[in-house]
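Here's a short set of exercises to work through with the viewer open. Try each task on your own before reading the solution under it.

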Amino acid sequence: MSRHSLVTPKQRRTLTFIGSKSPSFPWERGSEKRRWREAAFDSHAESSRKQPWRRRVLKKPGAVGLVLGHPFDTVKVRLQTQTAYRGIVDCVVKTYRHESLLGFFKGMSFPIVSIAVVNSVLFGVYSNTLLALTATSHQERRAQPPSYTQVFIAGCTGGFLQACCLAPFDLVKVRLQNQTEPRAQLGSPPPRYRGPVHCVASIFREEGPRGLFRGAWALMLRDTPTLGLYFVTYEWLCRQSTPDGQNPSSATVLVAGGFAGTTSWMTATPLDVIKSRMQMAGLKQREYRGVLDCMVSSARQEGLGVFFRGLTINSARAFPVNAVTFLSYEYLLHSWA
């Protein structure tokens with residue numbers, strides 16, 4: 001009697017897969033190995049098909065939030081760098097009357113292109129710095145939460161490196177937002193910059209490579225401490241609203257993210273004003289010698305109130321944009337867990 005006849009096919013399959021993934025019989029090992037390789041390949045292929053879909057879904061909220069928030073950002077930048085407006089309403093009315101609705105979306109193309117990179121740097125550095133400081137994964141942090149000092153250090157590290165990547169993109173955005181010319185018409189003077197690529201080429205030609213990083217120090221001084229505060233506020237609000245050891249609900253994440261964004265922008269606005277003014281100084285023969293000179297000159301000419309221009313509109317824009325940002329961040333971490 002052959003060895004195959006001792007066990008029925010059904011018994012062989014049962015014995016093979018109960019308690020072990022390796023084949024039970026030597027003569028079956030070749031076919032079983034092929035089957036396991038095929039199953040692993042199918043699983044990997046399925047994961048590969050799903051992963052780009054997840055990344056696209058997770059990028060969309062950030063892009064949608066940027067599109068919705070960009071008109072507010074344009075008004076904020078113009079209030080901070082120009083003296084032709086008496087307030088938010090006056091800026092909105094004049095922009096719409098002179099440049100139509102498209103005037104509020106000037107300079108948006110570079111932020112749309114860079115948002116995925118900038119958010120990846122910020123949240124990636126934050127998560128990995130927190131991992132290095134605490135030696136706990138994101139899932140374990142709910143049971144063993146890091147200290148607020150560790151959260152602040154991780155947020156500051158992410159903010160500093162984000163500012164390094166963001167500086168050229170932000171400069172181009174601010175320059176384009178400050179162009180108040182309407183769309184090109186016959187007989188009308190053309191704008192200084194025809195688009196983001198022409199803006200980069202013009203700055204590089206007229207101001208040199210360092211011109212692309214004009215205002216970078218002010219940007220780093222703005223983002224480094226305020227993003228530390230940003231993550232501390234978010235963590236504190238989540239912990240206050242969530243039982244120990246559990247993950248925060250979507251509503252908690254939205255509210256905590258919104259308030260974290262509003263709090264950080266309230267503290268960041270003074271340096272945001274300085275940053276925007278230094279970025280525009282390249283068009284005025286470098287009237288500022290540095291961050292301190294810009295602060296002193298602005299306060300002397302326009303009073304201390306100049307440092308709070310755009311505070312109201314910054315706070316209003318920050319809540320929805322950062323609420324969606326944190327919801328995307330949490331969903332991404334849980335999806336990859």
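**Exercise 1.** Work out which handedness the crossing of H4 and H5 has, and how the two helices are oriented to each other.

*Solution.* Keep in mind that you're looking at a predicted model.
- Start with the handedness: H4 goes past H5 in a right-handed crossing.
- Next, take the geometry: the axes lie 8 Å apart, and the packing angle is about 160°.
- Now apply the cut-off: angles over 145 degrees count as roughly antiparallel, and H4 and H5 are therefore roughly antiparallel to each other.
- Finally, sort the residues of this contact by class: you get 17 nonpolar, nine polar and one charged.

**Exercise 2.** Do the same for H5 and H8: at what angle do their axes cross, and which residues meet?

*Solution.*
- Locate the helices: H5 covers residues 148-177, and H8 covers residues 250-280.
- Get the geometry: their axes come within 9 Å and cross at roughly 75°.
- Classify the angle: the range from 65 to 115 degrees counts as roughly perpendicular, so H5 is roughly perpendicular to H8.
- List the contact: on the H5 side you'll find Ala167, Asp170, Leu171, Val174 and Arg175, and these meet Lys275, Ser276, Gln279 and Met280 of H8.
- Split that list by class: four are nonpolar, two polar and three charged.

**Exercise 3.** Find Leu101: where in the chain does it sit, and is Leu101 buried or exposed?

*Solution.*
- Place it first: Leu101 belongs to the loop that links helix H3 (88-99) with helix H4 (109-134).
- Check the accessibility: Leu101 has a relative value of 52%. Exposed means over 50%, so Leu101 counts as exposed.
- Look for a partner further along the chain: Pro71 is 30 residues away in sequence, and its C-alpha atom is separated from that of Leu101 by 9.1 Å.

**Exercise 4.** Zoom out: how many helices and strands does the chain have, and what share of its residues is buried?

*Solution.*
- Count the elements: there are 10 helices and zero strands. Along the sequence that reads α-α-α-α-α-α-α-α-α-α.
- Take the burial next: of the 337 residues in the chain, 45% are buried.
- Then turn to the surface: the accessible area comes to about 18,700 Å², and carbon and sulfur atoms hold 63% of that.
- Last, check the range of the contacts: among those with a separation of 6 or more, 74% join residues 24 or more positions apart.

Technical notes. Residues numbered from 1 in each chain as written. Predicted model: local features only at pLDDT ≥ 70, side-chain atom pairs only at ≥ 80, totals over all residues. Heavy atoms only, no water. Axes fitted to C-alpha atoms, helices over the stretch in contact; angles between N-to-C directions. Helix = DSSP H or I, 4+ residues; strand = E, 2+ residues; numbered from the N terminus. Parallel < 35°, antiparallel > 145°, perpendicular 65-115°, else oblique. Contact = heavy atoms within 4.5 Å. Nonpolar A, V, L, I, M, F, W, Y, C, P; charged D, E, K, R; others polar. Buried < 20%, exposed > 50% of the residue type's maximum accessible area, 1.4 Å probe, protein only. Left-handed = near helix turned anticlockwise from the far one by under 90°. Areas by Shrake-Rupley, 256 points an atom, 1.4 Å probe, with all protein chains shown as cover.
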